[in-house]
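Visitor: I've got a two-chain model open and I'd like to know what stands behind the labels people put on it. Could you walk me through it?

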Amino acid sequence: MMYELSTSSLEPQAASLVLAAWRPLLDPLDLHHPWHAIALLVPLVVAIAVVYKALKLPSLQRLVGETARLSFYIVALMAMAAAILWFVVEIV
Amino acid sequence: MPTPAARSKPWPIIAVAGWVLPGLGHALLGEGRRGLVVGGMMLILFIAGLLIGGIDVVDRERDTLWFAGQAMIGPAAFIADYAHQRLDEKRDRQVDAYGTQHNLGQHEALTQMVRTDQPLVYRTSVGRVNEIGTLYCAIAGVMNLLAILDAVGRATAGRKA
(Lines give C-alpha, C1' and ligand atoms only; values in the text may rest on other atoms or scores of the structure.)
Protein backbone atom coordinates (compact mmCIF):
# COMPACT_ATOMS: atom_id res chain seq x y z
CA MET A 1 0.00 0.00 0.00
CA MET A 2 2.85 2.38 0.80
CA TYR A 3 4.22 1.76 -2.72
CA GLU A 4 0.89 2.58 -4.35
CA LEU A 5 0.24 5.65 -2.24
CA SER A 6 3.53 7.45 -2.57
CA THR A 7 5.65 6.05 -5.37
CA SER A 8 3.35 5.09 -8.20
CA SER A 9 5.20 7.26 -10.68
CA LEU A 10 8.66 5.85 -9.86
CA GLU A 11 10.59 2.81 -11.02
CA PRO A 12 10.53 -0.05 -8.48
CA GLN A 13 14.17 0.47 -7.49
CA ALA A 14 13.60 4.17 -6.81
CA ALA A 15 10.35 3.35 -5.04
CA SER A 16 12.13 0.99 -2.65
CA LEU A 17 14.65 3.72 -1.85
CA VAL A 18 11.83 6.15 -1.06
CA LEU A 19 10.17 3.55 1.17
CA ALA A 20 13.45 2.89 2.94
CA ALA A 21 13.83 6.64 3.64
CA TRP A 22 10.58 6.85 5.64
CA ARG A 23 11.27 6.91 9.38
CA PRO A 24 8.24 5.84 11.45
CA LEU A 25 7.02 8.56 13.84
CA LEU A 26 9.69 11.00 12.64
CA ASP A 27 8.47 11.46 9.06
CA PRO A 28 4.85 11.87 7.95
CA LEU A 29 3.49 9.59 5.26
CA ASP A 30 3.96 10.86 1.74
CA LEU A 31 0.30 11.42 0.86
CA HIS A 32 -0.53 14.20 -1.56
CA HIS A 33 -3.52 13.01 -3.56
CA PRO A 34 -6.94 13.98 -2.11
CA TRP A 35 -8.12 10.36 -2.46
CA HIS A 36 -5.41 9.28 0.00
CA ALA A 37 -6.99 11.39 2.72
CA ILE A 38 -10.45 10.09 1.88
CA ALA A 39 -9.19 6.50 1.96
CA LEU A 40 -7.72 7.05 5.43
CA LEU A 41 -11.14 8.08 6.73
CA VAL A 42 -12.40 4.49 6.28
CA PRO A 43 -10.17 2.92 8.98
CA LEU A 44 -11.12 5.81 11.28
CA VAL A 45 -14.82 5.09 10.72
CA VAL A 46 -14.29 1.37 11.38
CA ALA A 47 -12.37 2.10 14.61
CA ILE A 48 -15.11 4.43 15.85
CA ALA A 49 -17.75 1.82 15.01
CA VAL A 50 -15.80 -0.95 16.81
CA VAL A 51 -15.38 1.10 19.99
CA TYR A 52 -18.97 2.35 19.98
CA LYS A 53 -20.49 -1.10 19.44
CA ALA A 54 -18.11 -2.74 21.92
CA LEU A 55 -19.36 -0.32 24.57
CA LYS A 56 -23.05 -0.49 23.70
CA LEU A 57 -23.67 -4.17 22.91
CA PRO A 58 -24.67 -6.33 25.90
CA SER A 59 -22.60 -9.18 24.45
CA LEU A 60 -19.64 -9.08 22.07
CA GLN A 61 -20.82 -12.05 20.03
CA ARG A 62 -22.41 -9.87 17.34
CA LEU A 63 -19.64 -7.27 17.40
CA VAL A 64 -18.26 -7.93 13.90
CA GLY A 65 -21.65 -7.83 12.16
CA GLU A 66 -22.89 -4.78 14.05
CA THR A 67 -19.59 -2.97 13.46
CA ALA A 68 -19.73 -3.69 9.73
CA ARG A 69 -23.31 -2.44 9.55
CA LEU A 70 -22.57 0.78 11.45
CA SER A 71 -19.41 1.42 9.40
CA PHE A 72 -21.38 1.01 6.18
CA TYR A 73 -24.06 3.45 7.38
CA ILE A 74 -21.49 6.06 8.40
CA VAL A 75 -19.55 5.82 5.13
CA ALA A 76 -22.78 5.88 3.10
CA LEU A 77 -24.03 8.95 4.95
CA MET A 78 -20.69 10.71 4.53
CA ALA A 79 -20.75 9.94 0.79
CA MET A 80 -24.32 11.27 0.53
CA ALA A 81 -23.38 14.43 2.40
CA ALA A 82 -20.37 14.89 0.12
CA ALA A 83 -22.55 14.43 -2.98
CA ILE A 84 -25.13 16.94 -1.74
CA LEU A 85 -22.45 19.48 -0.84
CA TRP A 86 -20.76 18.98 -4.23
CA PHE A 87 -24.11 19.59 -5.92
CA VAL A 88 -24.72 22.74 -3.88
CA VAL A 89 -21.22 24.12 -4.54
CA GLU A 90 -20.85 23.17 -8.22
CA ILE A 91 -24.38 23.36 -9.58
CA VAL A 92 -26.46 25.71 -7.46
CA MET B 1 -20.70 -9.93 33.10
CA PRO B 2 -19.14 -7.85 35.88
CA THR B 3 -18.88 -9.72 39.15
CA PRO B 4 -20.32 -8.19 42.32
CA ALA B 5 -16.78 -7.80 43.66
CA ALA B 6 -15.71 -5.95 40.55
CA ARG B 7 -18.73 -3.67 40.69
CA SER B 8 -17.81 -2.73 44.26
CA LYS B 9 -14.71 -0.89 43.09
CA PRO B 10 -15.00 2.88 43.62
CA TRP B 11 -15.74 4.75 40.42
CA PRO B 12 -12.76 7.17 40.71
CA ILE B 13 -10.42 4.18 40.56
CA ILE B 14 -12.26 2.88 37.50
CA ALA B 15 -12.05 6.31 35.84
CA VAL B 16 -8.33 6.78 36.55
CA ALA B 17 -7.55 3.22 35.47
CA GLY B 18 -9.44 3.80 32.23
CA TRP B 19 -7.43 6.93 31.58
CA VAL B 20 -4.02 5.46 32.47
CA LEU B 21 -4.55 2.45 30.20
CA PRO B 22 -7.50 2.46 27.78
CA GLY B 23 -9.80 -0.45 28.50
CA LEU B 24 -8.44 -1.09 32.01
CA GLY B 25 -11.55 0.40 33.62
CA HIS B 26 -13.74 -2.24 31.97
CA ALA B 27 -11.20 -4.96 32.80
CA LEU B 28 -11.36 -4.05 36.49
CA LEU B 29 -15.13 -4.46 36.31
CA GLY B 30 -14.68 -8.04 35.16
CA GLU B 31 -15.27 -7.27 31.46
CA GLY B 32 -11.80 -8.14 30.22
CA ARG B 33 -12.75 -8.91 26.64
CA ARG B 34 -14.67 -5.68 26.23
CA GLY B 35 -11.76 -3.74 27.76
CA LEU B 36 -9.30 -5.45 25.45
CA VAL B 37 -11.33 -4.70 22.32
CA VAL B 38 -12.02 -1.08 23.27
CA GLY B 39 -8.55 -0.31 24.64
CA GLY B 40 -6.73 -2.12 21.88
CA MET B 41 -8.64 -0.37 19.12
CA MET B 42 -8.07 3.07 20.68
CA LEU B 43 -4.35 2.49 21.10
CA ILE B 44 -4.11 1.26 17.50
CA LEU B 45 -5.92 4.43 16.39
CA PHE B 46 -3.55 6.65 18.37
CA ILE B 47 -0.43 4.92 17.08
CA ALA B 48 -1.81 5.02 13.53
CA GLY B 49 -2.23 8.79 13.88
CA LEU B 50 1.40 9.11 14.92
CA LEU B 51 2.53 6.95 12.00
CA ILE B 52 0.43 8.90 9.47
CA GLY B 53 1.35 12.43 10.52
CA GLY B 54 4.53 11.86 12.47
CA ILE B 55 5.25 12.92 16.03
CA ASP B 56 4.32 16.46 14.96
CA VAL B 57 0.57 15.74 15.31
CA VAL B 58 0.77 15.74 19.14
CA ASP B 59 1.75 19.26 20.19
CA ARG B 60 0.68 20.68 23.53
CA GLU B 61 2.15 24.12 22.82
CA ARG B 62 1.01 24.88 19.27
CA ASP B 63 -2.18 22.79 19.04
CA THR B 64 -3.48 23.09 22.60
CA LEU B 65 -7.14 22.48 21.77
CA TRP B 66 -6.38 19.36 19.74
CA PHE B 67 -4.07 18.18 22.52
CA ALA B 68 -6.93 18.54 25.00
CA GLY B 69 -8.71 15.80 23.06
CA GLN B 70 -5.57 13.73 22.50
CA ALA B 71 -4.66 13.88 26.21
CA MET B 72 -7.71 11.81 27.10
CA ILE B 73 -6.00 8.70 25.67
CA GLY B 74 -3.79 8.83 28.75
CA PRO B 75 -0.06 9.21 29.50
CA ALA B 76 0.74 8.10 25.95
CA ALA B 77 -0.22 11.56 24.68
CA PHE B 78 2.03 13.29 27.21
CA ILE B 79 4.90 10.95 26.38
CA ALA B 80 4.43 11.68 22.66
CA ASP B 81 4.32 15.43 23.34
CA TYR B 82 7.43 15.26 25.52
CA ALA B 83 9.26 13.40 22.75
CA HIS B 84 8.02 15.98 20.23
CA GLN B 85 9.26 18.93 22.31
CA ARG B 86 12.69 17.30 22.80
CA LEU B 87 12.96 16.60 19.06
CA ASP B 88 11.91 20.22 18.41
CA GLU B 89 14.79 21.47 20.53
CA LYS B 90 17.20 19.12 18.79
CA ARG B 91 15.99 20.27 15.37
CA ASP B 92 16.29 23.92 16.38
CA ARG B 93 19.95 23.33 17.26
CA GLN B 94 20.45 21.51 13.96
CA VAL B 95 18.84 24.35 11.98
CA ASP B 96 20.80 26.99 13.92
CA ALA B 97 24.05 25.20 13.11
CA TYR B 98 23.11 25.02 9.42
CA GLY B 99 22.08 28.69 9.45
CA THR B 100 25.35 29.72 11.04
CA GLN B 101 27.30 27.69 8.50
CA HIS B 102 25.45 29.24 5.53
CA ASN B 103 24.82 32.68 7.03
CA LEU B 104 21.04 32.29 7.08
CA GLY B 105 18.33 33.14 9.58
CA GLN B 106 16.56 30.24 11.31
CA HIS B 107 13.49 30.38 9.07
CA GLU B 108 15.54 30.63 5.87
CA ALA B 109 17.85 27.85 7.04
CA LEU B 110 14.92 25.51 7.74
CA THR B 111 13.33 26.34 4.38
CA GLN B 112 16.55 25.62 2.53
CA MET B 113 17.16 22.42 4.45
CA VAL B 114 13.68 21.17 3.53
CA ARG B 115 14.01 22.22 -0.13
CA THR B 116 17.40 20.56 -0.51
CA ASP B 117 16.29 17.41 1.32
CA GLN B 118 18.81 17.78 4.12
CA PRO B 119 18.43 15.03 6.76
CA LEU B 120 16.39 16.69 9.52
CA VAL B 121 15.91 15.24 13.00
CA TYR B 122 12.23 14.97 12.17
CA ARG B 123 9.94 16.38 9.48
CA THR B 124 6.96 18.60 10.16
CA SER B 125 3.77 17.29 8.63
CA VAL B 126 1.57 19.77 6.80
CA GLY B 127 -1.76 19.80 5.01
CA ARG B 128 -3.98 16.73 4.81
CA VAL B 129 -1.42 14.39 6.35
CA ASN B 130 -1.18 16.54 9.48
CA GLU B 131 -4.96 16.90 9.64
CA ILE B 132 -5.59 13.17 9.34
CA GLY B 133 -2.91 12.26 11.88
CA THR B 134 -4.13 14.86 14.37
CA LEU B 135 -7.71 13.67 13.88
CA TYR B 136 -6.80 10.02 14.46
CA CYS B 137 -5.08 10.87 17.77
CA ALA B 138 -7.83 13.23 18.91
CA ILE B 139 -10.60 10.77 18.06
CA ALA B 140 -8.75 8.07 20.01
CA GLY B 141 -8.68 10.38 23.04
CA VAL B 142 -12.33 11.37 22.80
CA MET B 143 -13.40 7.75 22.34
CA ASN B 144 -11.45 6.89 25.52
CA LEU B 145 -13.46 9.53 27.34
CA LEU B 146 -16.57 7.72 26.13
CA ALA B 147 -15.13 4.44 27.40
CA ILE B 148 -14.27 5.96 30.79
CA LEU B 149 -17.79 7.35 31.16
CA ASP B 150 -19.23 3.95 30.20
CA ALA B 151 -17.04 2.16 32.74
CA VAL B 152 -17.96 4.65 35.46
CA GLY B 153 -21.61 4.24 34.58
CA ARG B 154 -21.33 0.46 34.89
CA ALA B 155 -19.46 0.80 38.21
CA THR B 156 -22.01 3.16 39.76
CA ALA B 157 -25.18 1.62 38.36
CA GLY B 158 -24.09 -2.02 38.66
CA ARG B 159 -25.28 -2.72 35.13
CA LYS B 160 -25.22 -6.22 33.78
CA ALA B 161 -23.18 -6.95 30.68
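**What stands behind the labels**

Guide: Happy to. Read from the N terminus, the elements of chain A go α-α-α-α. Keep in mind that this is a predicted model.

Visitor: What makes up the secondary structure of chain A, in helices and strands?

Guide: Four helices and zero strands. A helix here needs a DSSP run of at least four residues.

Visitor: And what pattern does chain B follow along the sequence?

Guide: Chain B reads α-α-α-α-α-α-α-α, with eight helices and zero strands.

Visitor: How do you know whether chain B is spread out or a compact globule?

Guide: Set its radius of gyration against the globule rule. For 161 residues the rule gives 15 Å, while chain B comes out at 20 Å, well over that, so chain B is more spread out than a compact globule. The C-alpha trace tells you about the extents too: along its principal axes it spans about 70 × 25 × 20 Å.

Visitor: How many of the residues in chain B are buried?

Guide: Buried residues make up 44% of the 161 residues in chain B. For chain A, the figure is 27% of 92 residues. To be counted, a residue has to be under 20% relative accessible area.

Visitor: What about contacts between residues 24 or more positions apart in chain B?

Guide: Take the contacts in chain B with a separation of 6 or more: residues 24 or more positions apart account for 66% of them. In chain A, the corresponding share is 28%.

Visitor: What is the accessible surface of each chain like?

Guide: Chain B has about 8100 Å², with 64% belonging to carbon and sulfur atoms. Chain A has about 6300 Å², and there carbon and sulfur atoms hold 73%.

Visitor: Let's get down to residues. Why is Ser125(B) called buried?

Guide: Its relative accessible area is 4%, and buried means under 20%. So Ser125(B) earns the label buried.

Visitor: Where does Ser125(B) lie?

Guide: In the loop of chain B between helix H7 (106–115) and helix H8 (127–157). Leaving aside neighbours within four places in sequence, Ser125(B) is in contact with Gly53(B), Asp56(B), Val57(B) and Asn130(B), and also with Pro28(A).

Visitor: What makes the pairing of Ser125(B) and Asn130(B) a polar contact?

Guide: The two side chains are joined at 2.8 Å, and the cut-off for such a pair of N or O atoms is 3.5 Å. The value is within the limit, so the name fits.

Visitor: Why is Lys9(B) called partly exposed?

Guide: Lys9(B) has a relative accessible area of 32%. Partly exposed lies between the buried limit of 20% and the exposed limit of 50%, so Lys9(B) is partly exposed.

Visitor: Which residues touch Lys9(B), and where does it sit?

Guide: Lys9(B) is in the loop between helix H1 (4–7) and helix H2 (11–20) of chain B. Beyond its neighbours within four places in sequence, Lys9(B) is in contact with Ile14(B), Leu28(B) and Ala155(B). As for distances, the C-alpha atoms of Lys9(B) and His107(B) are separated by 54 Å, with their positions 98 residues apart along the chain.

Visitor: What makes Ala76(B) partly exposed?

Guide: A relative accessible area of 28%. That is over the 20% limit and under the 50% one, so the label for Ala76(B) is partly exposed. Ala76(B) lies in helix H6 (residues 75–102) of chain B.

Key: Residues numbered from 1 in each chain as written. Chains lettered and ligands numbered in written order. Predicted model: local features only at pLDDT ≥ 70, side-chain atom pairs only at ≥ 80, totals over all residues. Heavy atoms only, no water. Helix = DSSP H or I, 4+ residues; strand = E, 2+ residues; numbered from the N terminus. Rg over C-alpha atoms; globule rule 2.2 N^0.38 Å. Buried < 20%, exposed > 50% of the residue type's maximum accessible area, 1.4 Å probe, protein only. Contact = heavy atoms within 4.5 Å. Areas by Shrake-Rupley, 256 points an atom, 1.4 Å probe, with all protein chains shown as cover. Polar contact = N/O pair within 3.5 Å; in protein donor to acceptor, adjacent residues only side chain to side chain.
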